[in-house]
Amino acid sequence: MLMTRQTITSRIQNHKISKLIQNRKAARLKDGGANIQKLTPDCAPDIFEMYTNLSIQSRQARFNSDLSIFSDAFLQQLAKQTAELEPKDGFGFIAYDEETGRPIGVAQAVQTESRAAEFAITIVDDHQGQGLGTILFKKLVERAQADNLNLLEAIVSPDNRGMHMLLMKSGLPQTIDYMSNTMVYKLYINGRMC
């Protein structure tokens with residue numbers, strides 16, 4: 001059978017879509033559902049979309065800074081770095097709204113030492129408070145345990161109540177260091193403090 005360029009392109013696109021669907025895991029939220037998958041370089045435009053659509057309050061909570069001071073080029077580079085963490089620098093997950101396919105959350109962990117990683121979670125405004133941050137956090141912890149990491153660290157703005165609640169309720173042994181205008185949570189994921 002002679003295949004045209006269009007047929008080959010169509011088969012490649014169908015394979016990519018099929019692979020994407022296979023890699024996504026469904027999660028139930030308080031108000032709907034989400035599909036969660038590992039970060040890949042193809043996720044960069046979706047992460048950029050999320051970063052640029054965050055409210056000022058969410059930007060401040062996540063980045064400890066208002067992203068309006070950053071250029072689009074900077075945010076695109078940040079999104080690209082986040083999407084390309086796997087496998088050399090860390091790992092992460094992205095969540096898409098089950099109905100619309102819109103990106104609604106991203107969680108990332110960047111390895112800082114041989115057995116430690118710094119992590120962050122970003123949830124779009126209209127999906128905050130529905131349990132997605134908790135689901136993404138659990139995915140990060142599971143992956144960190146699978147990778148034999150001992151410590152996850154998060155630098156959290158004092159105003160980020162959602163993240164403080166999530167970490168306090170995690171059940172993991174932890175310490176908190178106070179630094180200028182941030183709090184540094186150290187979570188000992190192997191169940192004991194080092």
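Reader: What is the mean pLDDT of the chain?

Author: Good place to start, since this is a predicted model. Of the residues in the chain, 80% reach a pLDDT of 70 or more. Averaged over the chain, the mean pLDDT is 82.

Reader: Over which residues does pLDDT stay under 50?

Author: There is one stretch to flag here, and the model has 10 contacts beyond four places in sequence for it. The stretch where pLDDT stays under 50 is residues 1–24.

Reader: Thanks! How many helices and strands does the chain have, and in what pattern?

Author: The chain has 6 helices and 8 strands. Read along the sequence, they follow the pattern α-β-β-α-α-α-β-β-β-α-β-α-β-β.

Reader: Which helix gives the most to the largest nonpolar core?

Author: The largest nonpolar core has 48 residues, and I47, F119, I121, L136, F137 and L167 have the most contacts inside it. The helix that gives the most to this core supplies 6 residues and spans residues 132–146: α5.

Reader: Which residues does I121 contact, leaving aside neighbours within four places in sequence?

Author: I121 is one of the residues with the most contacts inside the core. Some of its partners lie in the span 132–146 of helix α5, and the full set is R62, V106, A107, G133, L136, F137, L140 and M163.

Reader: Is strand β3 mostly covered or mostly open, and how many of its residues are buried?

Author: Take β3 one face at a time. On one side G90, G92, I94 and Y96 are buried, and on the other F91, F93, A95 and D97 are buried too. Strand β3 is thus mostly covered, and its buried residues number 8 of 8.

Reader: How many bridges join β3 to β4?

Author: The two strands form a hairpin with 5 residues between them, and G101 in the turn has a positive phi of about 80 degrees. Within the pairing, G92 stands opposite Q108 in β4. The strands run antiparallel, and the number of bridges joining them is 7.

Reader: Is T82 buried or exposed?

Author: T82 sits in helix α4, residues 72–83. Not counting residues up to four places away in sequence, T82 touches L39, I47, Y51, V106 and Q108. Its relative accessible area is 3%, and because the cut-off for buried is under 20%, T82 counts as buried.

Reader: Which side chain is joined to that of T82 by a polar contact of 3.5 Å?

Author: The partner belongs to helix α2, residues 44–53, where the buried residues are A44, D46, I47, F48, M50 and Y51. What covers the buried residues of α2 includes α3, α4, β3, β4 and β5. The side chain joined to T82 by that polar contact is Y51.

Reader: What about T112: which accessibility class does it count in?

Author: T112 lies in strand β4, residues 103–113. Leaving aside neighbours within four places in sequence, T112 is in contact with A117, E118 and E153. Its relative accessibility is 41%, and since buried means under 20% and exposed over 50%, T112 counts as partly exposed.

Reader: What distance separates the C-alpha atoms of T112 and L152?

Author: Along the chain, T112 and L152 are 40 residues apart. In the model, the separation of their C-alpha atoms is 9.5 Å.

Reader: Last one: what share of the chain's residues is buried?

Author: The accessible surface of the chain comes to about 11200 Å², of which 51% belongs to carbon and sulfur atoms. The chain has 194 residues, and the buried share is 43%.

Definitions and conventions
Residues are numbered from 1 along each chain as its sequence is written. Side-chain values use heavy atoms; hydrogens and water are left out. Helices (H or I, at least four residues) and strands (E, at least two) are DSSP runs, numbered from the N terminus. Buried means under 20% relative accessible area, exposed over 50%, partly exposed in between (1.4 Å probe, protein chains only). Contact means heavy atoms within 4.5 Å. A polar contact is a pair of N or O atoms within 3.5 Å; within protein, one must be able to donate a hydrogen and the other to accept it, and residues adjacent in sequence count only if both atoms are side-chain atoms. Two strands pair if DSSP finds at least two bridges between them. Accessible areas come from the Shrake-Rupley method with a 1.4 Å probe; for residues, only the protein chains shown count as cover. A nonpolar core is a set of buried Ala, Val, Leu, Ile, Met, Phe, Trp, Tyr and Cys residues joined through side-chain atoms within 4.5 Å. pLDDT is the predictor's confidence in each residue, from 0 to 100.
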